[in-house]
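Subject: Structure handover

Hello,

Here is the structure I promised to pass on. Please open it first, then read my notes below.

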Amino acid sequence: MSDSASNWSDRLLGGFRKTSDRLSENIAPVGNARLDDATLDEIEDALILSDLGPEAAGRVREALREQRFGNEITERQLREAVAEEIAAILRPVAKPLEVTAFPRPQVVLVIGVNGSGKTTTIAKLAHLFMEDDYEVMLAAGDTFRAAAIGQLQTWADRVGVPLVRGPEGGDPASIVFDAVKRGTNEGTDALIVDTAGRLQNKRELMDELAKIRKVLGRLNPEAPHDVVLVLDATNGQNALSQIDVFREVAGVTGLIMTKLDGTARGGVLVAAAQKYGLPIHAIGVGEQLDDLRPFDPDIVARVIAGVA
């Protein structure tokens, strides 16, 4: 493993410790025993309790059964096998968010419930694009909360990118319209748009997003090019219900998972991949600007299985 990958796995371990500990309780006793139904049941239960969910846990169990059942296996070999099966679930959805749209700008709507880390993720995503020498602009489309506008302005200043904003309570679609026009005139590569995250009124949110889409369509029929849902990994299985709702109201095209440096088990990444198959663009493992990185399925799988 490279130094960079090792550094990432060290930070991920903080967030995935519960998963690793849970697996340790059931894998460690295996020793050099044969892999039987009882052990497979224990491993499946451990994976479910670690937020992988029944579908992904069942898939891992059956793969182990087909490949290893009845064989003598060490703890290390079992962990490696679990890691490989988890990686097989995650690899198809590991897709970095790339700036490919023409004409520019590529419009990225960022959605998520309040408190998910949405605003800071927008800033980190802008920083990530800038590392690849793209010109980036932000739009403060969450006009429902004055704090959201102010926070995004602070991050825009810190990252060094322009922000198109309006007054609290203003029309988000008008702000997005102005941002696209300005981005087009200035040759911006990527326009990242903050949106409201209030799910308590789904109809209002749906209407607001529909209006934004309508305005964007007048300027560029392909926009928005991406609708990225930011999820808080500490919410565990509740994050899956958020995917259900936002797919309905916003047409989610990809996911970013945050707060994997704290108490999150991390297994919800696997559950989401198995259930929805949506691209996972990146994960956040800290508060610094460079703590959002493209999703690496193999590192995450090995951390979950405790072999990183």
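Of the 308 residues in the protein chain, 55% are buried. Please keep in mind that this is a predicted model. The secondary structure comes to 10 helices and 8 strands. Among contacts with a separation of 6 or more, 78% join residues 24 or more positions apart. The chain exposes about 12700 Å². Carbon and sulfur atoms supply 45% of that area.

Next, the backbone. Most residues other than glycine have a negative phi, and most peptide bonds are trans. Here are some exceptions.

Start with the loop between α3 (75–90) and β1 (106–111), where proline 103 sits. The peptide bond from phenylalanine 102 to proline 103 is cis. Its omega is near 0°. Proline 105 is found in the loop between α3 and β1 too. The bond that leads into proline 105, from arginine 104, is also cis, again with omega near 0°.

Then look at aspartate 51. This residue is in helix α2, which spans residues 37–68. Its phi is positive, near 80°, and it is not a glycine. Is aspartate 51 buried or exposed? Its relative accessibility is 10%. The cut-off for buried is under 20%, so aspartate 51 counts as buried.

Lysine 259 also has a positive phi, about 60°, without being a glycine. Where does lysine 259 lie? Look in the loop between β6 (254–258) and α9 (268–276). Lysine 259 has 31% relative accessibility, so it counts as partly exposed. That class runs between the 20% and 50% cut-offs.

Last, the largest pocket. About 170 Å³ of space lies in it. Which elements give two or more residues to its lining? They are α4 (118–131), β7 (280–284) and β8 (292–294). The most comes from α4, with 4 residues. In total, 14 residues line the pocket. Those nearest its centre are Pro96, Leu97, Leu128, Asp132 and Pro294. By class, the lining has 9 nonpolar, 4 charged and 1 polar residues.

If you want a route through the model, begin at the cis bond before proline 103. Go on to aspartate 51 in α2, then to the loop that holds lysine 259. Finish at the pocket, with Pro96 and Leu97 among the residues nearest its centre.

Best wishes

Technical notes. Residues are numbered from 1 along each chain as its sequence is written. This is a predicted model: local features need pLDDT of at least 70, side-chain atom pairs count only at pLDDT 80 or more; totals for chains, interfaces and linings use all residues. Side-chain values use heavy atoms; hydrogens and water are left out. Buried means under 20% relative accessible area, exposed over 50%, partly exposed in between (1.4 Å probe, protein chains only). Contact means heavy atoms within 4.5 Å. Accessible areas come from the Shrake-Rupley method with a 1.4 Å probe; for residues, only the protein chains shown count as cover. On a 1 Å grid over the protein atoms alone, a cavity is a set of points where a 1.4 Å probe fits but cannot get out, and a pocket is an open set with protein on both sides within 12 Å along at least five of seven lines; lining residues have an atom within 4 Å of a point. Grid points are joined across faces, edges and corners, and a volume is the space filled by probe spheres set on the points. Ala, Val, Leu, Ile, Met, Phe, Trp, Tyr, Cys and Pro count as nonpolar, Asp, Glu, Lys and Arg as charged, and the others, Gly among them, as polar.
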